[in-house]
Amino acid sequence: MLQYLINTSQLTIVAAVLTGMLLGYMQRVYSMRGQKVVLIGAVVGIVLAIVMAWMKNKTKLIDTGYWNIITFSVTLVALLALIVLDAIRRLRNKQSIAAPVAAAVIVCALLFYALPDVLAYPYTIALSGFAVFSTDFIYRVIGMILGLILAAVAGTAVYKVCLSLEPGLTGVLLKLALIVNSIQQISKVLNLLRAKRIIRGHFVFQIVRFTSNHSNLFIYAVLIVALVIPVLLWARSFHVNETYENAAQHRKIRAKWRSTRRWSSAVIICFVLVVLNLTAVNAYANRAVELSPTEECELIGDSLYVPFEQVEDGNLHRFAYTTENGVAVRFIVIKKPNSSAYGVGLDACDICGETGYYQRGSQVVCNRCDVVMNINTIGFKGGCNPKVIDYSIEDGFIIVPISTLIEHESDFK
């Protein structure tokens, strides 16, 4: 559950915050008409994200890299248009529908990029071997839903506080947050172009490597820029200088600022929760599970012999052979449910490396990606299954040749 909460927060929080800022700014500067245009863009973005999620998982028509390049390019063009059109508005003191349209395009592109992977989580969770009505499936979906709720509340709270700050300062902070996000998007475009060998160069590699290794820094930067608004409003709420003619007006002013403080507090709390998700909760969720110790088995000639009696309980058993180079090459054995067959494979896979597998209840789980193995498929190639090794069965023993294990020595370095 925690991993899906973290992933959902990471994917959606920036889109939610920028959408809230754009909605608030457009309503203040371009009235309700501007807000409605941006809302239309948000709805279109959500619909397109649903379609994209379905196509990515049900068809082979989608090249995610190309679509991301298109999405980022559209966002950058729309941002430049918004900056220019908003500057023209200030110079001529005349509003135009063009600026809200540019903002709507930005919101549409942000949601179109952020949501497809999140919306596809129930499908990918089911593909991992979880029954739809199983506890594990429900927990993971709950994590996804909580992440979406956190992003939605944060976006709504940001929208509310933007309505209370002067438009000029809100506009500056909004454009700064959009530029910060665009820097990361440009880096992603460079990475995609580099992966497709369209561009090359050591300098491009250095940029891509830094931004990829520090992707959360851009999320924190956007949150810090947006955080200026509630912090300013919170400070101002204790020094209100608005004039009033009677007690009723005074009560109305006080109620307005109480509401502002509440929404400002909501923004701060949501941002703190997001940061905790991406740091402390992420560290907890991805903590290494201590693997069970390796068990003894008999070495006869050039093979390891594992007796049936040692592994017939249906639990995961881990064995190892230490090579001349001091490398412990591990393999696992587990009796398959409702069968006399055994699943035998390396305690490593092609995808996640030597992190190994552990037993959780009646399940065998990858220690790195938390994917649950279908025990009946252990011993076969594919997915996150243990690497297949040669072995034989004879006279009540599972016999694993040492030469087979030495071949995989490099997997455990």
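**Figure 1. Ser31, a partly exposed residue with an unusual backbone angle.** Ser31 is partly exposed, since its relative accessible area is 38%. In this predicted model, Ser31 is found in helix H1. Look at its backbone here: phi is positive, about 65 degrees, although Ser31 is not a glycine. Most residues other than glycine have a negative phi.

**Figure 2. Asp395, a loop residue with a positive phi.** Here we visit the loop between strand S9 (392-394) and strand S10 (397-401), where Asp395 lies. Is Asp395 buried or exposed? Asp395 is exposed, with a relative accessible area of 68%. Its phi is positive, about 55 degrees, and Asp395 is not a glycine either.

**Figure 3. Helix H3 and its kink at Tyr113.** Helix H3 runs over residues 98-119, which makes 22 residues. How far apart should its ends be? At 1.5 Å a residue, a span of 32 Å is expected, and the end C-alpha atoms are 31 Å apart, so the two values agree. Follow the helix to Tyr113 and you will find a kink of about 25 degrees, shortly before the proline Pro116. H3 is mostly covered, with 16 of its 22 residues buried.

**Figure 4. Val47 of helix H1 beside Phe112.** Val47 lies in helix H1. How far apart are Val47 and Phe112 in sequence and in space? In sequence they are separated by 65 residues, yet from C-alpha to C-alpha the distance is 8.3 Å. Val47 is partly exposed, because its relative accessible area of 46% falls between the cut-offs of 20% and 50%.

**Figure 5. Tyr4 and Tyr121, an aromatic pair between two helices.** A pair of aromatic rings is described by the distance of the centres and the angle of the planes. The model has seven aromatic pairs. In the one shown here, the rings of Tyr4 and Tyr121 have their centres 5.1 Å apart and their planes at 85 degrees, so the pair is edge-to-face. This pair links distant parts of the chain: Tyr4 belongs to helix H1 (residues 2-58) and Tyr121 to helix H4 (residues 121-127), with their positions 117 residues apart. Both tyrosines, Tyr4 and Tyr121, are buried.

**Figure 6. Trp234, Phe238 and the charge of Arg261.** Trp234 and Phe238 also form an edge-to-face aromatic pair, 5.6 Å from centre to centre and with 70 degrees between the planes. How accessible is each partner? Trp234 is partly exposed at 34% relative accessible area, while Phe238 counts as exposed at 51%. Phe238 has another partner to look for: the charged end of Arg261 sits over its ring, 5.2 Å from the ring centre.

**Figure 7. The largest nonpolar core, seen around Val17.** In soluble globular proteins, nonpolar side chains tend to be buried together. The largest nonpolar core of this model has 57 residues, and those with the most contacts inside it are Val17, Met21 and Phe271. Elements giving two or more residues to this core include H1, helix H2 (64-92), H3 and helix H9 (247-285). Which element gives the largest share? That is H1, with 16 residues. Leaving aside neighbours within four places in sequence, Val17 is in contact with Val158, Val222, Leu223, Ala226 and Phe271.

**Figure 8. A second, separate core.** This core has 19 residues, among them Leu304, Val311, Val329 and Val333.

How values were computed. Residues numbered from 1 in each chain as written. Predicted model: local features only at pLDDT ≥ 70, side-chain atom pairs only at ≥ 80, totals over all residues. Heavy atoms only, no water. Helix = DSSP H or I, 4+ residues; strand = E, 2+ residues; numbered from the N terminus. Expected span 1.5 Å × (residues − 1). Bend = angle between axes of the 7 residues up to and from the residue. Buried < 20%, exposed > 50% of the residue type's maximum accessible area, 1.4 Å probe, protein only. Phe/Tyr/Trp six-rings, centres within 6.5 Å; stacked < 30°, edge-to-face > 60°. Lys NZ or Arg CZ within 6 Å of the ring centre and 35° of its normal. Core = buried A, V, L, I, M, F, W, Y, C linked by side-chain atoms within 4.5 Å. Contact = heavy atoms within 4.5 Å.
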